[in-house]
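Student: I should like to learn how to read the features of a protein model. Where does one begin?

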Amino acid sequence: MEFDLIIKNGTVIDGTGAAAFRADVAVQDGLIVAVGHDLGAAQKEIDAQGCIVTPGFIDIHTHYDGQVTWDKDMRPSVNHGVSTVVMGSCGVGFAPVRPSDHEKLIRLMEGVEDIPGSALAEGLTWDWETLPEYMDSIAAKPHTIDVAVQVTHDPLRVYVMGDRAVSDQAATQQDIAEMQRLTREALQAGAIGFSTGRSDVHRSADGDWTPSSEAGSAELEGIAHAFQGLSHGVLQAVNDFNLEREADDFDAEFDLIEGFAKAAGGRPFSLSLMQRDFAPDQWHRIIDRTERAVEQGLNMHLQTAPRGIGVITGLQCTFHPFIGFPSYKAISQKPLTERVAIMSDPAFKKRLLQEKSEKVAGDGTSVPPITDLLLAAIDYVAGKTFLLDDNPNYEQSAETSVYAMAQAHGQSSLGMLYDLMLQDGGEQLLYFPIYNYTDMNFEAVHTMMTHPRAIMGLSDGGAHVGTICDSSFSTYLLTYWARDRQSGPKLAVEEAIRKLTSEPADYLGMSDRGRLSVGLKANINVIEFDRLRLFAPQMVKDLPAGGQRLLQDAAGYRSILVAGREVLANDVLTGAYPGSLYRAGQAQTTV
């Protein structure tokens, strides 16, 4: 028999956590059909000498809900070995939707996930109303990689409740019954789960709370009942436990989401976990309550990231230290080259640095109040802000911070930030790890991601396009945690691969992928592990309506296969689009 493809001479890391071994991998009709030696002939061979051969990576937390309707390439995830993404995180999405609510959902996504509204307005095809119709629309379009869809609480609530959904009104029993019915309908059509968002940081572009953030326990538990009796589906929530409100609501909020998880009848549930500077011990409380819930029989997991959740700042970005200064606000709408020319005038710099930042958060804006707190503590911010060179280091010390640079140059922190942002024609980008870096190291990150209930997540691929560039987390996990970290604990490469493959597959119930095993889908990565690397983030103007986004390239991916077809070769997209819609609870196809 002549196979479609054989990957030869590689070191197989099969995704289970087992030790690496030398073997060839044969592919036929989009499936893995043999793993071993002397397998025979094939129409195509990939020489994996010097490479590791792994299952394709699975990203459980992305926001490609809009991008997937117009973009077949699915960058940046495809550039980092990810061949399956789960969309619809944090409760925001675009289905179900009535035509009259298109703009409402765009404003919501623009505010919560920092995706330009103009790009969404031009790019979204809107050839759906219900969530099953949305899935059909995605399935009909070509993509490099596979996608799975979650039911998202915000559009569901708007669809059922109309204007009452955004006016802080409780859902009626009739509303809850209808949301439950629609969720069940979507799950039976192949939706992989349901997500809700309860974060004060998440606002619409008009500054409103998200519809789901104010939902009560009766509503959440009523929706979760849609999972009962089903053998598939997960639940996901993001919650900052009302940090920006006056009272300590932690236990009440955790009780609420615990009841939500319990009502789903044993289905897996995941909660975002991160270390927040303004509540540095909260993550310990989250872990403690999760462990107690697991002891009581709940199937709870914690979504963690392998590095700081980092805000990228610069003159091209959504946020930077000068957005509230009157002199900057007067020129903020000018093209970058004009702003740089004006800001290069010493007199302009002197005048601006004598000003005070005006309030940027408040009514009518999606900017969260935490931004004003940070702008008022600029020395603190500068002490955690770093340059990322072409080989970016995300675990730097205070000695390399912008604050240290300012001290060495006899400047104020603001003055140093000002000068740095003007470098490279105003394209210089600075990195501020807003979460997971309270202690100025990754010891907390290691504790979080190696916890028994942890699963890798929080890449936010497709979102925060002018603020965050964390969708490279898979490449970072391999390069830093499994290879390069010099101080502190590391991960074995086999464990790192398991965290990117079989662990998320098992959580999601994706039994057809996540391991290099005969009979599973041939989503496979061939990686030159020794030369695998990240480049610095860069701003690229390639969204609809001229919108821009942060991208981060990698090198070292010799081949990325989806259903046995090569979508990336030597770090370059091939123009093949074998990706498909993953329908949970249904038989999967490889074409």
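Tutor: Let us begin with burial. A residue counts as buried when its relative accessible area is under 20%, and as exposed when that area is over 50%. Please keep in mind that the model before us is predicted.

Student: Is Asn79, by that rule, buried or exposed?

Tutor: Asn79 has a relative accessible area of 9%, and the cut-off for buried is under 20%, so Asn79 is buried.

Student: Where does Asn79 lie, and what does Asn79 touch?

Tutor: Asn79 belongs to the loop between β6 (57–59) and β7 (82–87). Leaving aside residues up to four places away in sequence, Asn79 touches Ala554, Tyr557, Leu568 and Asp571. In addition, the side chains of Asn79 and Arg75 are joined by a polar contact of 3.1 Å.

Student: What kind of peptide bond joins Arg75 and Pro76?

Tutor: The general idea comes before the case. Most peptide bonds are trans. Arg75 and Pro76, however, are joined by a cis peptide bond, with omega at about 10 degrees. Pro76 is placed in the loop between β6 and β7, and Asn79 also lies in the loop between β6 and β7. A further cis bond runs from Ala95 to Pro96, where omega is near 0 degrees; the place of Pro96 is in the loop between β7 and α1 (102–113).

Student: How should I read the backbone angle phi?

Tutor: Most residues other than glycine have a negative phi. Asp38 has a positive value, near 50 degrees, and so has His464, whose phi is near 50 degrees.

Student: Where are Asp38 and His464 placed, and is each of them buried or exposed?

Tutor: Asp38 is in the loop between β3 (31–36) and β4 (42–47). Its relative accessibility is 78%, so Asp38 counts as exposed. His464 is in the loop between β16 (454–456) and α18 (473–484). At 13% relative accessibility, His464 counts as buried.

Student: Which residue would serve as a case within a helix?

Tutor: Ala224 is found in helix α6, which covers residues 217–224. Its relative accessible area is 0%, so Ala224 is buried. Not counting residues up to four places away in sequence, Ala224 touches Leu235, Phe260, Ala263 and Ala264. One may also set distance in sequence beside distance in space: Ala224 and Asp175 are 49 residues apart in sequence and, from C-alpha to C-alpha, 14 Å apart in space.

Student: How many helices and strands are there in the protein chain, and how compact is the chain?

Tutor: The protein chain has 20 helices and 24 strands. Its radius of gyration is 24 Å, close to the 25 Å that the globule rule gives for 591 residues, so the chain is as compact as a globular protein of that length. Along the principal axes, the C-alpha atoms fill a box of roughly 75 × 60 × 45 Å.

Student: What do the contacts and the surface of the whole chain add?

Tutor: Of the 591 residues, 63% count as buried. Among contacts between residues at least 6 apart in sequence, 75% join residues at least 24 apart. The accessible surface comes to about 21,000 Å², and 48% of that surface belongs to carbon and sulfur atoms.

Student: How far apart are the mean positions of the positive and negative charges?

Tutor: The chain has 48 positive and 79 negative charges, and their mean positions are 1 Å apart.

Terms used. Residues are numbered from 1 along each chain as its sequence is written. This is a predicted model: local features need pLDDT of at least 70, side-chain atom pairs count only at pLDDT 80 or more; totals for chains, interfaces and linings use all residues. Side-chain values use heavy atoms; hydrogens and water are left out. Helices (H or I, at least four residues) and strands (E, at least two) are DSSP runs, numbered from the N terminus. Buried means under 20% relative accessible area, exposed over 50%, partly exposed in between (1.4 Å probe, protein chains only). A polar contact is a pair of N or O atoms within 3.5 Å; within protein, one must be able to donate a hydrogen and the other to accept it, and residues adjacent in sequence count only if both atoms are side-chain atoms. Contact means heavy atoms within 4.5 Å. The radius of gyration is taken over C-alpha atoms; the globule rule is 2.2 Å times the number of residues to the power 0.38. Accessible areas come from the Shrake-Rupley method with a 1.4 Å probe; for residues, only the protein chains shown count as cover. Lys and Arg count as positive and Asp and Glu as negative; His and the chain ends are not counted. The place of a charge is taken as NZ of Lys, CZ of Arg, CG of Asp or CD of Glu.
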